[in-house]
Amino acid sequence: MHIIRINKRNVIFVLLAILSTTVKQASMGNDGVINTIMKEVNVNSTPAYSSKKDETSKLCPSGTACSDLSGECLNCNLNPHCVYGAVYVANCTVLEHIDCVGDQSFQKKYVCRYCYQTEHWEHECQQKNSCSSVASPRQYYRTNCTVNSDILCLGRRRFMKNLLCNWTVGYRWSTALILSITLGGFGADRFYLGHWQEGIGKLFSFGGLGVWTLIDVILISVRYLGPADGSLYL
């Protein structure tokens with residue numbers, strides 16, 4: 001019986017030693033995981049700050065006159081309860097960490113309106129050619145627009161806008177009409193506008209014995225027949 005008690009004690013001591021070792025390893029493992037997470041957070045946070053700083057430096061270049069800075073670089077007290085279309089004067093200050101020349105507090109005139117209400121020459125929009133300019137009815141596309149740097153307005157300076165599809169790639173109406181009159185019987189006008197299948201048909205049928213040629217002259221003269229890619233004439 002005495003030997004059995006000693007073995008039990010030894011077993012208990014061994015189990016306690018194993019448990020203590022396991023707890024220490026788990027603690028060290030958790031510390032390693034925490035350190036790894038903190039490193040990843042620090043690594044991920046640095047590019048975000050850098051990219052934001054780089055974007056600000058592009059919009060607000062150093063050495064520029066403070067009064068000529070873009071609206072993204074200024075903090076102006078625009079009155080949201082102003083009368084639409086009326087001209088007001090706003091007190092503006094340059095944002096922090098922006099290096100510019102001259103007084104950092106000044107006044108600027110602005111028209112009471114939201115940024116999406118500015119005229120088309122007061123903002124720039126991304127042009128797209130994913131729609132047909134000659135479709136009936138006319139097609140619109142939605143794109144991103146940004147207000148010009150010298151314009152002050154209410155709301156966000158970047159907004160979405162529906163624009164009429166009116167892109168072109170350089171096809172001239174006068175060139176198409178001249179080709180249709182002179183070489184239309186050989187399909188030159190169709191080839192020029194990108195209608196290759198119809199151009200081959202006109203070429204081997206000698207312009208539909210003149211009938212097809214005459215029809216195309218009329219269609220091009222009234223601008224009904226345009227480029228195959230859906231763009232507009234110059």
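From the N terminus on, the elements of the protein chain run α-β-β-β-β-β-β-β-β-α-α-α-α-α. The model is predicted.

**Exercise 1. Take stock of the chain.**
State how many helices and strands the protein chain has, and what share of its residues is buried.

*Solution.*
- Step 1: Count the elements. The secondary structure comes to six helices and eight strands.
- Step 2: Turn to burial. The protein chain has 234 residues, and buried residues make up 28% of them.
- Step 3: Look at the surface. The accessible surface comes to about 16200 Å². Carbon and sulfur atoms account for 60% of that surface.
- Step 4: Look at contacts between residues at least 6 apart in sequence. Of these, 54% join residues at least 24 apart.

**Exercise 2. Place arginine 157.**
Find where arginine 157 lies, decide whether it is buried or exposed, and list what its side chain reaches.

*Solution.*
- Step 1: Locate the residue. Arginine 157 sits in the loop between strand 7 (140–147) and strand 8 (158–164).
- Step 2: Apply the cut-off. Buried means under 20% relative accessible area. Arginine 157 has 12% relative accessibility, so it counts as buried.
- Step 3: Find the polar partners. A polar atom of the arginine 157 side chain lies 2.8 Å from the backbone oxygen of asparagine 148. The side chain of arginine 157 also reaches the backbone oxygen of isoleucine 151, at 2.7 Å.
- Step 4: Widen the view, leaving aside neighbours within four places in sequence. Arginine 157 is then in contact with several residues, including Ser70, Gly71, Glu72, Cys115 and Cys145. Asn148 and Ile151 are among its contacts too.

**Exercise 3. Trace a salt-bridge network.**
Start from aspartate 189 and lysine 202, whose side chains meet in a salt bridge. Which residues are joined into one network by salt bridges that share partners?

*Solution.*
- Step 1: Recall the principle. Side chains of opposite charge can pair when their charged atoms come close.
- Step 2: Take the starting pair. The side chains of aspartate 189 and lysine 202 meet at 3.2 Å, N to O. Aspartate 189 lies in helix 3 (residues 188–193) and lysine 202 in helix 4 (residues 196–204), so this pair ties together parts 13 residues apart in sequence.
- Step 3: Check burial. Aspartate 189 has a relative accessible area of 1% and is buried. Lysine 202 is buried as well, at 0% relative accessibility.
- Step 4: Add another pair. Aspartate 216 and arginine 190 form a salt bridge through their side chains (2.9 Å, N to O). Aspartate 216 belongs to helix 6 (residues 211–221) and arginine 190 to helix 3, so the link spans parts 26 residues apart in sequence.
- Step 5: Check burial again. Aspartate 216 is buried at 0% relative accessible area. Arginine 190 is buried at 10%.
- Step 6: Join the pieces. Salt bridges that share partners connect Asp189, Arg190, Lys202 and Asp216 into one network.

**Exercise 4. Examine another salt bridge.**
How many salt bridges does the structure hold, and are glutamate 122 and arginine 113 buried or exposed?

*Solution.*
- Step 1: Give the total. The structure holds five salt bridges.
- Step 2: Inspect one of them. The side chains of glutamate 122 and arginine 113 meet at 2.9 Å, N to O.
- Step 3: Judge burial. Both glutamate 122 and arginine 113 are buried.

**Exercise 5. Compare a record with the model.**
Which residues does UniProt list for "transmembrane region", and how much helix does the chain have over residues 170–191 and 203–225?

*Solution.*
- Step 1: Read the record. The unreviewed UniProt entry lists residues 170–191 and 203–225.
- Step 2: Take residues 170–191. There the chain is 68% helix and 0% strand, with end C-alpha atoms 15 Å apart.
- Step 3: Take residues 203–225. There the chain is 74% helix and 0% strand, with end C-alpha atoms 18 Å apart.

Key. Residues are numbered from 1 along each chain as its sequence is written. This is a predicted model: local features need pLDDT of at least 70, side-chain atom pairs count only at pLDDT 80 or more; totals for chains, interfaces and linings use all residues. Side-chain values use heavy atoms; hydrogens and water are left out. Helices (H or I, at least four residues) and strands (E, at least two) are DSSP runs, numbered from the N terminus. Buried means under 20% relative accessible area, exposed over 50%, partly exposed in between (1.4 Å probe, protein chains only). A polar contact is a pair of N or O atoms within 3.5 Å; within protein, one must be able to donate a hydrogen and the other to accept it, and residues adjacent in sequence count only if both atoms are side-chain atoms. Contact means heavy atoms within 4.5 Å. A salt bridge is a side-chain nitrogen of Lys or Arg within 4 Å of a carboxyl oxygen of Asp or Glu. Accessible areas come from the Shrake-Rupley method with a 1.4 Å probe; for residues, only the protein chains shown count as cover. UniProt positions are given in the numbering used here, feature names are shortened, and annotations may be inferred rather than shown by experiment.
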